[in-house]
Amino acid sequence: MNPFVYVAQPSRVVFGAGALRHLAREIELLGAKRALVLSTPEQADSARRVAEMLGVRAAGIFAKAAMHVPIESAREARDEAKRLGADCAVAIGGGSTTGLGKAIALDSGLPILAIPTTYAGSEMTPIYGLTEGGLKKTGRDPRVLPKTVIYDPELTLNLPLAMTVASTMNAIAHAAEGLYAFDANPVIALMAEEGIRACAAALPQLKADPKSLDARGGALYGAWLCGSVLGAVAMGLHHKLCHTLGGSFKLPHAEVHTVILPHALAYNASQAPEAMARISRALGVPDAALGVFDLARLHGAPTSLKAIGMPLEGLDRAAELAAQDQYPNPRPLERVALRALLQRAFDGTSPQP
Ligand code: NAD
């Protein structure tokens with residue numbers, strides 16, 4: 001066995017249908033008395049429900065979370081937390097809302113209690129992102145890792161099917177890249193394979209019945225594992241490409257992950273055979289890249305960058321940006337090959353090495 005380093009990310013996970021009922025207990029365990037509840041404007045009702053459940057322990061609601069954490073909303077939320085004397089942030093929503101909580105925690109050290117309602121996985125990572133002047137910067141800081149996470153599949157029943165599929169593919173991407181990370185380890189590999197299996201198994205069930213609590217539970221369990229992988233090991237080409245495409249061309253986060261993943265896996269396949277074997281096994285298919293491509297396609301997710309708003313004339317610049325900074329990746333970053341990868345992703349043709 002190869003030598004490895006494993007660092008556990010300390011967080012408390014409470015999982016189960018109806019688990020939100022444990023909120024008061026969990027806030028008490030954190031020792032918090034004045035929680036600021038965060039959400040997007042679209043999920044303000046959920047924030048109000050959480051505040052009601054918290055009663056006197058709710059200091060207020062800030063329902064202005066937005067994609068990629070614009071610095072202006074982070075500053076406003078930080079000011080609001082100070083003004084209210086908040087001693088905890090409760091984030092109910094997807095990665096955008098958790099991200100806002102992280103922006104507050106980065107500044108103040110306030111503990112976060114996260115209640116995820118998508119499969120993005122941010123709640124399991126010490127990674128934060130902030131967007132200033134159109135540029136998204138990310139970093140790692142243990143202070144931003146939520147202390148407690150309540151996973152309640154009931155809260156995901158209303159996630160629209162299209163977003164459900166894209167968000168599940170986003171989760172699978174974390175685990176897939178974790179399997180070939182330069183700092184991978186056997187514990188994380190177990191979580192990654194099981195995470196991919198659980199996510200992929202949930203998709204046909206969710207397509208048949210988006211309100212199936214059983215399937216929602218399976219997807220959320222998979223998302224937890226995949227998010228844990230993202231939080232524990234370094235990501236490679238796929239995540240860097242998605243970061244570039246999302247940041248420079250404003251493409252929607254989960255969808256860009258869905259489109260790029262098969263192509264990034266095909267690019268790396270020859271240099272990461274063990275990872276590919278584990279992904280194939282988790283999906284129950286002979287080829288990892290084709291397997292994730294078909295998984296997205298068969299469940300109605302977008303399979304081309306064209307369909308999600310990428311301009312054709314942006315492909316050269318995207319390839320340039322992607323090849324610019326070198327970082328650990330199974331296969332070296334070659335501009336011409338990356339440009340070809342992006343063209344296939346743009347057209348939505350099947351992945352090729
Ligand atoms: P999101 O949080 O932006 O949510 C998208 C929309 O769906 C929002 O309007 C939200 O209110 C709504 N929504 C969320 N859950 C819902 C539900 N159950 N029912 C109905 N509507 C719901 O989307 P996301 O994909 O979860 O997160 C994307 C963001 O998270 C990106 O900015 C990405 O960079 C970040 N992210 C960060 C990390 C990390 O580790 N730091 C990890 C993954 C994603």
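**Notes on the ligand site and the second largest pocket**

1. A good place to start is the ligand: a polar side-chain atom of Thr125 sits 2.6 Å from one of the ligand's oxygen atoms. Please keep in mind that this is a predicted model.

2. Two other side chains make polar approaches to ligand oxygen. For Ser96, an N or O atom of the side chain is 2.5 Å from an oxygen atom of the ligand; for Gln43, the corresponding distance is 2.8 Å. The protein covers 85% of the ligand's accessible area, which is 860 Å² for the ligand on its own.

3. Which residues come nearest to the ligand? They are Thr40, Ser96, Thr118, Thr125 and Lys136, out of 23 residues around the ligand. Ser96 and Thr125 will be familiar from the side-chain distances above.

4. The make-up of this shell is worth a look too. By class there are 13 polar, seven nonpolar and three charged residues around the ligand. Helix α4, spanning residues 95-108, provides the largest share of the shell, with three residues.

5. Now to the second largest pocket, whose volume is about 530 Å³. Its lining has 21 residues, and those nearest the pocket's centre are Asn2, Leu179, Ala184, Asn185 and Glu274. Two elements give two or more residues to this lining: α6 (186-208) and α10 (273-283).

6. Which element gives the most to the lining of the second largest pocket? That is α10, with four residues. By class, the lining of this pocket divides into 15 nonpolar, three polar and three charged residues, whereas the ligand's shell has seven nonpolar and 13 polar residues, with three charged.

Notes. Residues numbered from 1 in each chain as written. Predicted model: local features only at pLDDT ≥ 70, side-chain atom pairs only at ≥ 80, totals over all residues. Heavy atoms only, no water. Near = heavy atom within 4 Å. Polar contact = N/O pair within 3.5 Å; in protein donor to acceptor, adjacent residues only side chain to side chain. Areas by Shrake-Rupley, 256 points an atom, 1.4 Å probe, with all protein chains shown as cover. Nonpolar A, V, L, I, M, F, W, Y, C, P; charged D, E, K, R; others polar. 1 Å grid on protein atoms, 1.4 Å probe; cavity = no way out; pocket = protein on both sides within 12 Å on 5 of 7 lines; lining within 4 Å. Points joined across faces, edges and corners; volume = space filled by probe spheres on them.
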